[in-house]
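Dear colleague,

Please find below the structure that I am handing over to you, together with its sequence. My notes on it follow directly after.

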Amino acid sequence: MIPFLLRRLVQSIPTLLLASILIFFVIQLAPGDFLTPAKLNPNISPEQLAALQRNFGLDRHPIEQYFLWMRNMLFHFDLGLSFSYQQPVLDVIKPRVANSMYLVLLYTVLFYLIAIPLGVFGAVRQNSLGDKAVNVFLYFLLGFPSFFLALIVIYFILQLRTKTGLDIPINGMTSNDFDSMTAVQKFFDVTKHLIIPAVILAVSDAAGLTRVIRGQMLEVMRSDYIRTARAKGVTERTAIWKHTFRNAILPIVANVGSLLPSAVAGAGFIEVVFAYPGITPMILDALNAQDLYLIAGFTVITTVLLVIGNALGDILLAVVDPRIKVG
Amino acid sequence: MTAVSNQTRRTMPATGDTLLDVQNLEKFFPIRGGLLSRVVGNVKAVNDVSFKVGRGEVVGLVGESGSGKTTAGRAILRLIEPTGGQVLFNGTDITKLSKGQMRDYRREMQIIFQDPFASLNPRMTVSDIIGEAMQIHNLHPGKQRVDRIAELLQKVGLRPEHMRRYPHEFSGGQRQRIGIARALAVDPAFIVADEPVSALDVSIQAQVVNLLQDLQEELGLTVLFIAHDLAVVEYICDRIIVMYLGRVMEIAPSRQLNRNPKHPYTEALLSAAPVPDPTVKRQRIILEGDIPSPINPPSGCVFRTRCRYAIADCANIVPELREVSPGHFKACIRDDIL
Amino acid sequence: MKKALTLALALTVGTAAAQSAFVWPSAWTADQNTGNKRGGELRLSAISDFKTMNPFTSSEADSIPDRMESGTGLFTQDPRNDEFIPYMAAGAPVVSNNNKRFVVKIRQGMKFSDGQAITADDWVTTWKIHTDDKVGSNSYDTFFLVGKPITVKKLDNYTLQFDFPQPSASALSIMSYAPWPDHVFGKAYREGGADAVKKMWGLATPASQIIGAGTWIVDSYRAGERTVFKKNPNWGDWNKDSRGQELPYLNTMSVRIVADANASLAAFLAGQIDTVGMRNADDLAQTKKAIDNGSLKAFLKANVSPQATSQWITFNWNKAGDPAKQKLFRDVRFRRAMSHIANRQAMVQLALGGLGSETYFSTYPIFKQQIDAGLAAGAPQYKYDLAQASKLLAQIGYTKKNAQGYLVDKSGKVLEFNLSTNAGNTVREQLGRIFADEAKKVGVKVNFTPIDFNTLVSQLTSKGENRPFDAILLGLSGGSNIWSFGSNVVPCGTNLHSYNNPTDGKCATSQEQLMTKLYYQGDSELNDAKRRAIGGQLMKAEGELQPVIYLVGGNFHVAFNERLGGEFPANLMNAYYGQRLNALTFIK
Amino acid sequence: MTTTAPTTTQKKDKPLGQSQFSVAWQQFRKNRLAQAGGLMLILLYVMAIFAPFIAPDALSSYSTSNITRFHPPTPIQFRDPDTGAFTRPYVFKYTQQLNMDTFVNEFKPSAERCPLYFGVRGASYKLLGFIPGNLHLFGTNKEDCSVYLFGGEDLGRDLFTRTLYASQISLTIGLGAVVITTLIGLMMGAVSAYFGGIVDTLVMRLVEVIAAIPSLFLLLLLRSVFPKDINPILALYVILGLLAFIGWGGLARVTRGQLLSVREQDFVSAAKSLGASDNRIMWRHMLPTLTTYVIVTTSLAIPATILTESGLSFLGIGAVEPYASWGSLLKAAQDGGLSSLNTRPWVLIPGFFIVFTVMCFQLLGDGLRDAFDPRKRA
């Protein structure tokens with residue numbers, strides 16, 4: 001197991017390296033260099049500019065610059081300086097990345113919580129009225145851009161709020177009195193803020209996975225070994241949950257890693273609509289301000305997280321599915 | 001171009017009228033491994049194979065699966081590029097030819113595939129499939145082409161109206177007939193029949209073999225008939241080449257090989273084959289174990305690990321293909337057996 | 001006259017309470033906190049996240065240092081009569097040397113939030129750092145008059161001497177900058193120079209290290225979410241209400257970061273923040289609706305005053321690369337025609353939802369006295385009149401139209417120019433769209449594109465003979481009610497003299513020279529009426545020249561949650577002073 | 001190359017030979033939903049092409065004298081209010097008044113009726129960019145009394161008109177990006193399979209890398225290469241290119257795999273043995289094996305791309321003024337804040353066009369997938 005784990009992680013290194021090259025050279029393509037926006041900022045003195053130029057070797061050949069950038073990143077965890085914040089990029093993005101990850105995490109959990117029962121239900125009661133109703137509804141949702149769905153949900157929450165006075169948070173990540181809360185209260189406060197965006201994300205995406213699970217379940221249910229199990233007199237319940245479910249669902253669930261990139265991106269739109277302090281709103285600001293190191297930093301960090309997530313997903317997959325060879 | 005006139009069966013390789021001369025043919029597949037994908041070894045699929053095929057002769061190429069017979073067949077046609085050796089066709093070394101030069105020779109050499117399901121493009125009609133060859137070589141332009149296709153279909157036992165259908169609408173045997181018609185479309189002199197019947201039902205096998213035999217005789221074709229089953233080969237072939245693990249073990253006229261195998265491997269193969277005549281009793285010789293990996297073949301004689309006659313020297317000496325009686329060659333250092 | 005008044009104030013406040021507290025006049029609030037309600041939180045919002053806590057590198061309009069600066073300054077302006085009264089100063093300044101030297105006694109007993117006494121050193125250090133160009137402080141320019149520095153000197157621990165290069169009507173305002181602790185910044189500056197100062201007080205700095213003199217100090221900062229300020233425990237020592245109670249009443253003030261103005265309105269309607277700026281009729285309607293259906297208890301007053309901002313279009317006179325355009329933009333008839341094209345009525349209706357006014361001058365409509373002085377002096381207004389615009393353009397030589405309906409010159413070249421504004425500002429995007437669409441009616445092709453704000457500003461403030469834009473639609477805010485002309489706008493060679501900014505900074509026309517002269521003349525005139533008269537002359541010159549086409553201004557509306565008390569009396573509320581003083585605000 | 005006679009014969013007598021496509025088509029014809037989706041899409045595209053004609057107004061026309069900001073939708077009336085009899089369809093002219101108490105600009109129908117006519121002359125346009133015209137499907141012929149099927153937006157422009165025009169961009173960018181994606185994907189896959197070795201490694205790694213970076217961030221990163229203030233029409237092409245750039249990976253990977261496996265198949269060897277050129281083998285034998293896959297993925301990728309484009313426009317980096325896409329119309333709605341939701345919900349209508357289009361594509365795509373999938377054949 002350990003060698004497999006190691007090898008899987010080692011295999012992600014070339015991907016990461018290439019990703020970093022891509023990100024770096026895309027930024028090189030951008031008009032001007034890292035410092036163009038800084039040159040327009042009166043708060044940055046020529047001396048500071050010169051120092052930055054030296055630090056990042058901007059006077060040198062792009063390839064050399066790349067290695068400097070990599071060296072700074074690998075050995076000093078230095079992703080450069082955010083020009084609009086006048087601070088190291090890492091300090092600026094750390095809380096944002098964490099916030100986005102909370103959202104993505106809750107989304108992922110809800111995503112499976114919604115899709116698995118619906119998919120299993122659809123397979124067990126194949127072509128029943130309920131199955132069809134769920135299918136049609138999810139199909140309908142599939143067409144909604146998440147941000148549009150969010151706008152509509154906000155509309156209904158507002159209606160609900162005027163009618164009932166219920167305080168459903170539709171904005172931000174914490175309540176005003178967050179800092180005076182106990183740890184438990186804090187946890188629930190953040191969850192309260194996260195739940196609506198996460199549910200919207202999960203519901204609007206669930207259609208795809210539900211159908212995959214339904215199909216997978218049906219396939220497994222039709223397979224010989226389930227038929228054999230049934231023939232042996234195993235109860236329907238055991239046949240579905242113990243035999244079919246494990247074989248049909250676990251690989252899908254364990255494959256969570258490959259889900260992450262789209263999840264992070266999908267969460268971006270919702271973050272914008274809900275003014276959630278995640279990655280995307282800040283990237284958009286950075287884009288406006290041409291804060292290139294910040295954009296690059298976010299992209300690098302999320303890519304690293306995702307590649308690691310993918311590797312972990314694969315390992316998880318190998319654990320639950322013995323058919324995937326370990327070694 | 002018309003086919004060479006029909007000749008009677010000959011039991012001897014034609015020396016003066018050799019159509020195909022394979023010399024030291026080699027096909028190695030590199031194995032890549034490690035982080036940098038370096039070549040760490042070779043699969044020696046075909047190793048130092050030499051034989052000749054006379055004009056109008058039907059030669060069988062026999063071996064277990066993995067023996068390299070299919071690879072050899074394809075390497076001869078340069079469907080896969082041989083790693084080494086020469087293939088003289090009508091005296092020309094076709095392995096040295098450029099792609100353009102090779103195209104002219106393609107008309108002369110055709111192949112019939114083992115799997116009639118995979119060898120026909122499912123997106124083309126029968127007439128497209130058969131007509132493609134004519135199109136490539138610009139044969140029978142215009143209206144004639146349809147007539148020619150119809151003629152070919154009839155020749156292989158199908159009806160002309162079949163030409164508008166797609167392969168999936170035919171049975172396996174019919175498909176193989178289409179495959180044969182395609183091969184014949186360019187009026188070749190030489191055909192590699194790559195296990196043409198092994199994927200078919202036993203009942204149909206005979207029909208197809210008969211068809212092939214009839215066509216061979218009618219058109220005077222030279223055929224390299226690849227098979228893993230000695231019984232089929234014996235029936236239609238003039239001579240038989242036995243391959244094992246990429247090397248030729250024995251070459252002999254068909255009847256002679258069957259009656260009097262000189263190589264332990266041939267002996268083993270024969271004992272496994274069903275015998276139509278219940279009065280002939282064969283000593284059952286069971287090959288032990290699996291065929292060894294061609295990546296790391298045994299030293300010396302490649303068959304020694306499964307040979308019941310193996311001696312110490314077998315591990316050291318790579319046996320030469322020697323003529324032990326006229327027209328009968330074997331690659332075995334032991335003369336004291338069989 | 002002014003001197004007399006300040007002297008009188010000095011008699012009442014200055015001498016009697018020289019070393020005691022500053023008493024906040026009860027007339028500054030309509031809602032006295034007679035019950036002495038204390039504690040609670042004022043919940044506000046900000047649209048973009050804060051970038052730093054460092055007062056010397058901060059450049060945002062709304063920043064943490066900015067918020068910490070409230071409740072500081074040697075003098076403070078009385079919203080009742082716009083006069084400056086001593087605040088951190090113990091009394092009125094002693095003026096000498098032809099109104100150029102001011103000696104100010106500092107109120108004693110004031111302390112920073114960490115307990116250190118506030119002394120003359122803090123002002124001197126703050127001035128030093130702001131005026132070090134290596135620091136790059138945003139306030140750098142405010143310490144210069146006509147390019148000559150204002151100097152600050154410590155006479156003793158509680159006495160400061162300010163020397164101005166020339167008399168200034170804004171002297172008291174200039175002197176009222178916030179002092180920052182010498183024992184923090186001065187120490188760093190002496191040891192590490194500008195770089196050391198710039199490295200201090202980033203967002204990651206623990207709140208406990210942030211020290212201030214004002215009402216509020218940082219309690220916590222959560223990136224992208226909220227900054228909480230708590231009251232400075234030592235500020236109440238010298239700030240008392242009229243009943244002698246310590247100020248502020250509130251314990252904390254929180255600033256929530258929201259995505260945009262819509263989000264802050266939503267938060268206000270949900271009762272999550274206490275007050276929000278009402279941008280337009282939509283906001284008012286939403287608030288009114290929420291109040292009417294009982295989901296929100298709030299105070300709402302519309303059209304309190306005009307906004308203290310301007311929206312305008314400026315044409316670039318420095319286009320050496322395109323002499324034809326340069327000639328066109330420098331032609332006063334062209335610019336007047338452009339003013340005639342601006343359909344300000346439609347702009348108010350469409351972009352401002354009907355709540356706003358047309359503007360024709362750089363002076364904000366809220367400075368009504370100055371506007372009146374300008375109109376009295378005969379400052380012209382070139383109102384919406386497409387026929388007149390066509391006539392003026394014909395005079396320049398544009399009489400023919402091509403197949404697409406655009407005016408062409410003799411050589412057949414289309415009369416066109418590019419107009420940019422900052423992307424994301426819907427009001428400006430609509431103003432530009434309306435302008436472009438109206439221009440099309442007379443045959444002027446306006447290529448309107450919203451672009452990035454920073455790019456836009458760098459184009460606008462660029463210097464040289466060939467500057468990279470045709471025309472820009474932008475707005476200005478800020479400025480004071482003492483002398484309501486921008487020091488960096490009117491005089492030639494300043495960075496917001498946006499229409500003409502050549503390398504040598506020289507004026508291109510005699511009107512500009514006149515305006516520059518009038519600007520400095522007015523700025524050094526201490527008599528209010530005389531100063532306004534000079535301003536009127538300036539407005540006349542500016543109006544005739546039309547270097548910049550002024551468009552429309554919105555109205556200022558007030559809305560706040562009813563839990564808040566302590567707002568201004570109705571007559572004091574306006575866009576300039578706002579709706580309340582935080583120090584007098586309390587939770588009902 | 002001459003066309004072979006058999007090919008033409010085959011086309012004449014369809015029923016005799018059943019190609020894979022005709023089988024799929026038969027299968028597809030059984031799927032009502034998919035057909036409905038396809039039909040609706042055809043309608044949508046026709047609507048987009050003829051948008052200038054169907055729309056009563058021009059994309060960006062509004063009046064600065066007769067302000068119709070957020071004009072509510074005008075229901076079309078068919079009955080005479082006095083007699084109750086059917087008349088020529090008409091709309092009421094609306095009056096407006098800013099209510100200084102509620103601050104709502106109140107539109108109210110007046111007594112004046114504006115009859116609707118078919119085929120009125122109005123704003124001139126060019127169909128497909130070259131057929132000039134000024135005829136509009138319907139209208140009132142009155143300058144200050146227009147029909148607002150979907151209401152007006154923040155400058156008083158007719159939202160129905162804008163939605164129609166927006167469909168041109170929303171529908172073509174999605175389609176265009178997928179076409180380019182498919183071309184790039186096929187080419188890269190083919191190149192990868194054909195050259196193998198270092199080229200193969202590089203291409204496949206690039207695919208992996210593109211997949212590893214969250215697509216939204218990659219898009220934003222790539223968008224940052226181009227200045228924010230590029231020409232709006234260029235911006236559309238940029239978005240098109242970016243969408244294509246981030247989308248080709250999956251297809252390239254499948255193409256490569258498919259080609260590598262097809263290369264080993266006997267029918268390709270057969271063609272080779274017949275002396276077919278590499279070109280012929282590639283185009284006649286290898287690439288056609290991908291058609292099913294390409295058809296199915298394409299029909300499912302288009303809705304996804306439409307969603308992404310709407311998202312980018314929503315973030316303000318897609319279609320910008322003077323152009324409009326459904327996403328940018330929604331952005332305008334979002335910019336309008338709460339009022340958009342509770343006092344003029346019609347500004348959300350373009351969003352339902354996205355939903356509808358995506359659903360149609362999904363239905364069509366699923367139908368095609370089922371039709372081509374032999375396992376799903378009944």
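A residue is called buried here when its relative accessible area is under 20%. Trp235(C), with a relative accessible area of 0%, is therefore buried. Trp238(C) counts as buried too, because its relative accessibility is 2%. Please bear in mind throughout that this is a predicted model.

**Aromatic residues of chain C**

Over all chains, the count comes to 50 aromatic pairs. A pair of aromatic rings is described by the distance of the centres and the angle of the planes. In the pair of Phe22(C) and Trp24(C), the ring centres are 5.9 Å apart and the planes stand at 85 degrees, so this pair is edge-to-face. Phe22(C) and Trp24(C) are both buried. Trp235(C) and Trp238(C) also make an edge-to-face pair, with 6.1 Å from centre to centre and 65 degrees between the planes. These two pairs belong to a wider group: one aromatic cluster is formed by Phe22(C), Trp24(C), Trp28(C), Tyr87(C), Trp235(C) and Trp238(C).

**Helix α3 of chain C**

How many residues of helix α3 of chain C are buried? Nine of the 11 are, so the helix, which runs over residues 120–130, is described as mostly covered. Among the buried residues of α3(C) are Trp123(C), Trp127(C), Val124(C) and Ile129(C), and the list also includes Asp122(C) and His130(C). The cover over the buried residues of α3(C) includes two strands, β9 (151–156) and β10 (159–163) of chain C. It also includes two helices of chain C, α4 (171–175) and α5 (182–198).

**Chain D as a whole**

Chain D contains 14 helices and five strands. Its C-alpha trace spans about 85 × 50 × 40 Å along the principal axes. Chain D has 378 residues, of which 54% count as buried. Taking the contacts in chain D between residues at least 6 apart in sequence, 66% join residues at least 24 apart.

**Which chains touch**

Four pairs of chains are in contact, and chains A and D share the most contacts among them. Chain A and chain B do not touch, and their nearest C-alpha atoms are 9 Å apart. Chain B and chain C do not touch either; for this pair the nearest C-alpha atoms are 43 Å apart.

**The interface of chain D and chain A**

Here 43 residues of chain D are in contact with 49 residues of chain A. The two chains bury about 4000 Å² between them, and carbon and sulfur atoms account for 80% of that area. Within chain D, the residues that lose the most area to chain A are Phe217(D), Leu221(D) and Leu341(D), which together make up 16% of what that side buries. Between chain D and chain A the count of salt bridges is zero. The count of residue pairs in polar contact, with both residues at pLDDT 80 or more, is likewise zero.

Several helices of chain D each supply at least two residues to the side that touches chain A: α6 (197–212), α7 (215–223), α11 (291–314), α12, α13 and α14 (349–372). With 10 residues, α14(D) gives the most to this side. By residue class, the side of chain D that touches chain A divides into 29 nonpolar, eight polar and six charged residues.

**The interface of chain D and chain C**

This contact takes 29 residues from chain D and 32 residues from chain C. The area buried between the two chains is about 2500 Å², with 56% of it given by carbon and sulfur atoms. Two salt bridges are counted between chain D and chain C. In a salt bridge between these chains, the side chains of Lys288(C) and Asp101(D) meet at 3.6 Å, N to O. Three residue pairs are in polar contact across this interface, both residues of each pair being at pLDDT 80 or more.

On the side of chain D that touches chain C, the elements that give two or more residues are α12 (326–335) and α13 (338–342) of chain D. The largest share, three residues, comes from α13(D). The residues on this side divide into 11 nonpolar, nine polar and nine charged.

With kind regards

How values were computed: Residues are numbered from 1 along each chain as its sequence is written. Chains are lettered from A and ligands numbered from 1 in the order in which they are written. This is a predicted model: local features need pLDDT of at least 70, side-chain atom pairs count only at pLDDT 80 or more; totals for chains, interfaces and linings use all residues. Side-chain values use heavy atoms; hydrogens and water are left out. Contact means heavy atoms within 4.5 Å. Buried area is the accessible area (1.4 Å probe) that two parts lose on being put together, summed over both. A salt bridge is a side-chain nitrogen of Lys or Arg within 4 Å of a carboxyl oxygen of Asp or Glu. A polar contact is a pair of N or O atoms within 3.5 Å; within protein, one must be able to donate a hydrogen and the other to accept it, and residues adjacent in sequence count only if both atoms are side-chain atoms. Helices (H or I, at least four residues) and strands (E, at least two) are DSSP runs, numbered from the N terminus. Ala, Val, Leu, Ile, Met, Phe, Trp, Tyr, Cys and Pro count as nonpolar, Asp, Glu, Lys and Arg as charged, and the others, Gly among them, as polar. Rings of Phe, Tyr and Trp (its six-membered ring) pair if their centres lie within 6.5 Å; planes under 30 degrees apart count as stacked, over 60 as edge-to-face and the rest as tilted. Buried means under 20% relative accessible area, exposed over 50%, partly exposed in between (1.4 Å probe, protein chains only).
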